[in-house]
Amino acid sequence: MLTLDKFEEASEVVKQATQETKLVYSPYFSERTGNKVYLKPENMQVTGAYKVRGAYYKISTLTQEERAKGLITASAGNHAQGVAYAAKAYGCKAVIVMPTTTPLIKVNRTKSYGAEVVLYGNVYDEACDYALELAEKEGYTFIHPFDDLTVATGQGTIAMEIVKELPLVDCILVPIGGGGLATGVSTLAKLLNPNIHVIGVEPAGAACLTASFKAGEVVTLPTVSTIADGTAVKTPGKKIFPYLQKNLDDIIAVEDDELIVAFLDMVENHKMIVENSGLLSVAALNHLDFKGKKVVSVLSGGNMDVITMSSVVQHGLIQRDRIFTVSVLLPDRAGELVRVATVIANEQGNVIKLDHNQFVSTNRNAAVELKITMEAFGTDHKQRIVKALEDGGFNPKVITPNL
């Protein structure tokens, strides 16, 4: 069982392997939501995520014999690094099975801690099945990333730190993949103060716990599809499910588009890199139906590869109307491009890309197409630029940017 004594023990043990992640007050999110919002930056952990807590505590409870067999786990990345880091600290061999879709940065960092990495399957669930096969075949000690009460106890130490630093916290938002973090945080929060509202947040494209709550039992989704790769789980934990049913007050499902703009918000307002799964608790702030409360969003990790990061930034800028493209048809004669550029410049638009197509019509004198991609300050500024082009007689059409 998850007991207060075990949580207290775990809180002392994990201090040996974790960095202090003090709450960060967010004026930006507080103003936008009408609540006092604090961020718990687990993305700043030595392994880039909270997972080291559960892994380290779990390994601390193993016997010498169990450690000597070697450890194995399956993970989309963050638990992998947590186990690899903790195993190195205890001098154990670690084998990590990761989905083939795992970002390269997570694979390389897991290897950097001395672990052997095996890539298998397209999603976590397939990797986990293979890890269990290897554990049975090779005699390794298997460490489940979330469906393990000892691991969940280690993750729950986050709640201990939150309550110590902010005793009057009203609500904690916690990301959900398989449910281990939510189990630990919600259970300990309720033990410390039953009035703390704990809300789990999962990606809409992998809402396995929402489906399980509706069914009243653990169910497996047929497929998952989300940019939040760290929480792309088909089946929540069976051992921890009763604790989630008892201690979670609500679940919010967040769309991928919301994670994209949340990434921009974090970078621009807090100068922090948070991976898509870690942003679930940030995006969920817009779904809260209350005001004036002290709310903590747990930022579960920051292990994001640069390619994903650049894609998220581009899409976020487009969603926020900070980058947009218009198409105008012009007669093919000298001075027309200058005329368009002057209108845009007068409205303080910044052109970043031009695409001039002379073959849009067989009659070039009648029309050539000019696609203009530009930066704006947001939706209002974009609309002013488009209106200025309309007033200039250019009949602009807003189209999807091709960056």
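## Exercises on a predicted model

Helix α9 (residues 157–165), where helices are DSSP runs of H or I with at least four residues and strands are runs of E with at least two, numbered from the N terminus, contributes five residues to the lining of the largest pocket, the most of any element. The model is predicted, so to speak, throughout: local features need pLDDT of at least 70, side-chain atom pairs count only at pLDDT 80 or more, and totals for chains, interfaces and linings use all residues. Residues are numbered from 1 along each chain as its sequence is written, and side-chain values use heavy atoms, with hydrogens and water left out.

**Exercise 1.** Describe the largest pocket and the residues that line it.

*Solution.* Begin with the volume, the space filled by probe spheres set on grid points that are joined across faces, edges and corners, which comes to about 280 Å³. On a 1 Å grid over the protein atoms alone, a pocket is an open set of points with protein on both sides within 12 Å along at least five of seven lines, a cavity is a set where a 1.4 Å probe fits but cannot get out, and lining residues have an atom within 4 Å of a point. Next, take the 14 lining residues, of which Lys-15, Glu-20, Lys-40, Glu-161 and Lys-164 are the closest to the centre of the pocket. Finally, sort the lining into one nonpolar, five polar and eight charged residues, counting Ala, Val, Leu, Ile, Met, Phe, Trp, Tyr, Cys and Pro as nonpolar, Asp, Glu, Lys and Arg as charged, and the others, Gly among them, as polar.

**Exercise 2.** Describe the largest cavity and the elements that line it.

*Solution.* The structure holds one cavity of 30 Å³ or more, and about 300 Å³ of space lies in the largest cavity. Its lining has 25 residues, with Tyr-50, Lys-51, Gly-177, Gly-230 and Thr-231 nearest the centre. Two or more lining residues come from each of α5 (78–90) and α10 (180–192), and α10 gives the most, with three residues. By class, the lining of this cavity holds 11 nonpolar, 12 polar and two charged residues.

**Exercise 3.** Work out the strand order of the six-stranded sheet and place α10 against its strands.

*Solution.* The open sheet has the order β1-β2-β10-β7-β8-β9 with mixed pairing, where two strands pair if DSSP finds at least two bridges between them. At the edges stand β1 (24–25) and β9 (250–254), each pairing on one side only. Inside the sheet, β2 (residues 36–41) and β10 (residues 294–299) run parallel and are joined by six bridges, and Tyr-38 has Val-296 of β10 as its bridge partner. Helix α10 lies across β7 (171–175), β8 (197–203) and β10, at about 165 degrees to β7; contact means heavy atoms within 4.5 Å, and angles run from 0 to 180 degrees between the N-to-C directions of axes fitted to C-alpha atoms, for helices over the stretch in contact.
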